[in-house]
Amino acid sequence: MSAFDQHDQHRNNLLQELGIGPVWQLRHHGSTPAEAPDPVVARMSVEAGELKSPPSLTPELAAQSSRPQVMPQEEAMPQQRAAQAEAKPKPVTEAETVAEADTDTDTSLVSAMSWEVLQPVVESCRACGLCKGRSKSVFGTGDRRATWLFVGEGPGYNENLQGLPFVGAAGQLLDNMLKALGLARGDQTYIANIVKCRPTDENGKDRPPTADEIAACLPYLHRQIALIQPQVIVALGKTAAVSLLGMNLETPVGQLRGKLHHFNDIPLVVTYHPAYLLRKPADKSKAWVDLCMAMQAMPAN
Ligand code: URA
């Protein structure tokens, strides 16, 4: 068996695990995926340049938020990074309440932060009420020079305890999705969320973040993106997609899939959230189509 065949066999096994099967495997023999697009993907309407809107909150999304609109991040050039501002995080004390925590994120300050400053600032953030219930904030994890950035919605129960993104069942499926792409957590990949602290309802159950919570947290993700400079972003689910694209929170994910979007000129592909795919495994094949689109959107090096 040739090395290629062994590779394909391995990928087949992974795709079986994903519940997709070898029918969706990328074609390697004789051509790269970019040269020989998957016919399924090719049939989809890839509209490069569509929705090149600023990645900040649009008036639509901002209107759902009572906070001041978050302005787009300035992309820091590598040479500018040396001059990034060093700001001291404000520690959270147990005595602080949600009311006291209601301080808007200082976007201009965040947009100048280095990794070393940003992480402790996020860990001690009090910009919205989610800080009240957190055990650990979930900053994000992976290769800080990643080519692939995967963005989820927000931490759940396990992530809040461990301080790491996607550590539960949905995380296992995400790992399998990465493997199917020939990737691994931390290797060319970075995983982050729209909000860094776990949103819960009055019964302590997970819930989607509100527009206010997204607006408070988004500057952190914008800064992470500016620092990483990924070549492609995969938005996992509706919250990630509409938050990054500045669209209405009610936009169905079905309207967002199948198109090549952009965040600050970085190709952005929308796919289903792994937790949704666990509930609806029949849609895994569509998610694979999305991932193939993301692979093809990767600029040629
Ligand atoms: N779901 C998400 O969106 N993010 C996580 O980190 C975990 C579950």
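This note covers the ligand site, the largest pocket and the cavities of a predicted model.

1. **The shell.** The ligand is surrounded by Gly-152, Glu-153, Gly-154, Glu-159, Pro-165, Phe-166, Asn-193 and His-273. By class, this shell holds four polar, two nonpolar and two charged residues. Gly-152 and Gly-154 fall under polar because glycine is placed in that class here.

2. **Backbone contacts.** Two neighbours in the shell meet the ligand through polar backbone atoms. At Glu-153, such an atom is 2.7 Å from a ligand oxygen. At Gly-154, the partner is a ligand nitrogen, and the distance is 3.0 Å.

3. **Side-chain contact and burial.** His-273 approaches with its side chain: a polar atom there lies 2.8 Å from an oxygen of the ligand. The protein buries 91% of the 230 Å² that the ligand exposes when taken alone.

4. **Where the ligand sits.** The ligand takes up space in the largest pocket. That pocket contains about 650 Å³ of space. Its lining counts 29 residues, and the closest to the centre are Glu-153, His-273, Ala-275, Tyr-276 and Arg-279. Glu-153 and His-273 also belong to the residues around the ligand.

5. **Which elements build the pocket wall.** Four helices give two or more residues each to the lining: helix 8 (157–162), helix 9 (169–180), helix 11 (238–245) and helix 13 (274–279). Helix 13 contributes the most, with four residues. Ala-275, Tyr-276 and Arg-279, named above as close to the pocket centre, fall within the span of helix 13. Glu-159, from the ligand shell, falls within the span of helix 8.

6. **Character of the pocket.** Of the lining residues, 14 are nonpolar, nine are polar and six are charged. Glu-153 and Arg-279, both among those closest to the centre, count as charged because Glu and Arg are assigned to that class.

7. **Cavities.** How many cavities reach 30 Å³ or more? The count is two. The largest cavity holds about 100 Å³ of space.

8. **Lining of the largest cavity.** Fifteen is the number of residues in this lining, and those nearest the centre are Cys-125, Ala-127, Cys-128, Cys-197 and Cys-217. Helix 10 (residues 211–228) supplies the largest share, four residues. Cys-217 lies within the span of helix 10. By class, the lining has ten nonpolar, four charged and one polar residue. The five central residues are nonpolar, because Cys and Ala are both put in that class.

Conventions:
Residues numbered from 1 in each chain as written. Predicted model: local features only at pLDDT ≥ 70, side-chain atom pairs only at ≥ 80, totals over all residues. Heavy atoms only, no water. Near = heavy atom within 4 Å. Polar contact = N/O pair within 3.5 Å; in protein donor to acceptor, adjacent residues only side chain to side chain. Areas by Shrake-Rupley, 256 points an atom, 1.4 Å probe, with all protein chains shown as cover. 1 Å grid on protein atoms, 1.4 Å probe; cavity = no way out; pocket = protein on both sides within 12 Å on 5 of 7 lines; lining within 4 Å. Sits in = over half its atoms within 2 Å of the grid points. Points joined across faces, edges and corners; volume = space filled by probe spheres on them.
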